[in-house]
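Student: I have a model open in front of me and would like to understand the terms used for it. Could you take me through them?

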Amino acid sequence: MRILLVEDDKMIGDAMQSALKDVAYAVDWICDGEAALHSLRCQQYDVVLLDLGLPKLDGLQVMQYIRAQHPALAVIIITARDSLEDRVKGLDLGADDYLVKPFDITELLARIRAVTRRNANQHTSELTNNIVWLNPATHEAKTLTQDNILLSNREFALLQTLLIRPGSIHSKSDLEERIYGWGEEVESNAVEFLIHCLRKKLGTETIKNVRGVGWMVSKNAPVTR
């Protein structure tokens, strides 16, 4: 899962980025509202963590842009503004959740899981090509012969990317972009290692390699489960 963190406080931003990376989220940290808009135009995100008191462009203006251009994108406002009026305004502009500083990182992680689970359930309870099934709420996969296969966060992110468009080939750089944040060190064989782990858990034919191009899962097969 790729997260855009928009936070101008260096100490808070650094702590949040480290905590999110520790649970294998890809995090892009931006410090002002105008840079947030630029990032949203250039990159696809699963969740935005949005401070309100931002330089250059206020967080509520960023919120308005997100809802106009990315209506389905999950947004959690993270702010020191704790008045009822601010909460109501943020939620009325379309935020999925509103978290007041200071907060415990475990609560933030729970809120991220909740909004992504809610958004996933609005579209489908599972992603599948009728060969492998992926549950966004539990990070578990199943195949025709196995159930309840627990995936790591990065294994989940990679398989989710492939299952969103079965039959489409994803290059190594495409997959790295979905599971690592800007400036995060990526080992040269990281994608290959994750695919090796997924094949070991799900079966060697689950993910196919197109030599010199990338990886894919097969298009939807006839329902046989």
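Tutor: Let us go through two sheets and the helices that lie on them. This is a predicted model, so local features need pLDDT of at least 70 and side-chain atom pairs count only at pLDDT 80 or more, while totals for chains, interfaces and linings use all residues. Residues are numbered from 1 along each chain as its sequence is written, and side-chain values use heavy atoms, with hydrogens and water left out.

Student: What makes S7 and S8 a pair?

Tutor: Strands are DSSP runs of E with at least two residues, and helices are runs of H or I with at least four, both numbered from the N terminus. Two strands pair if DSSP finds at least two bridges between them. Strand S7 (residues 132–135) and strand S8 (residues 140–143) have four bridges, in the antiparallel sense, so they meet that definition. One of the partnerships joins Val132 to Thr143 in S8.

Student: Which strands are the edges of that sheet?

Tutor: The open sheet has four strands in the order S6-S7-S8-S9. Strand S6 (127–128) and strand S9 (149–150) are the edge strands, as each pairs on one side only.

Student: How do you know that H6 packs on the sheet?

Tutor: Contact means heavy atoms within 4.5 Å, and helix H6 (residues 153–164) touches S6, S7 and S8. Its direction makes about 120 degrees with that of S7; such angles run from 0 to 180 degrees between N-to-C directions, with axes fitted to C-alpha atoms, for helices over the stretch in contact.

Student: Why is H6 called mostly covered?

Tutor: Buried means under 20% relative accessible area, exposed over 50%, and partly exposed in between, using a 1.4 Å probe and protein chains only. In H6, 10 of the 12 residues are buried, among them Phe156 and Leu159. The buried residues of H6 pack against S6, S7, S8, helix H7 (172–179), helix H8 (190–202) and strand S11 (214–216).

Student: What about the other sheet: why are S2 and S5 said to stand at the edges?

Tutor: That open sheet has five strands, ordered S2-S1-S3-S4-S5, with parallel pairing. Strand S2 (26–30) and strand S5 (97–100) each have a single partner strand, so one side of each is left without a neighbour in the sheet.

Student: Which helix lies across S3 and S4?

Tutor: Helix H3 (residues 59–69) does, running at about 160 degrees to S3. Helix H4 (residues 84–92) also packs on the sheet, touching S4 and S5.
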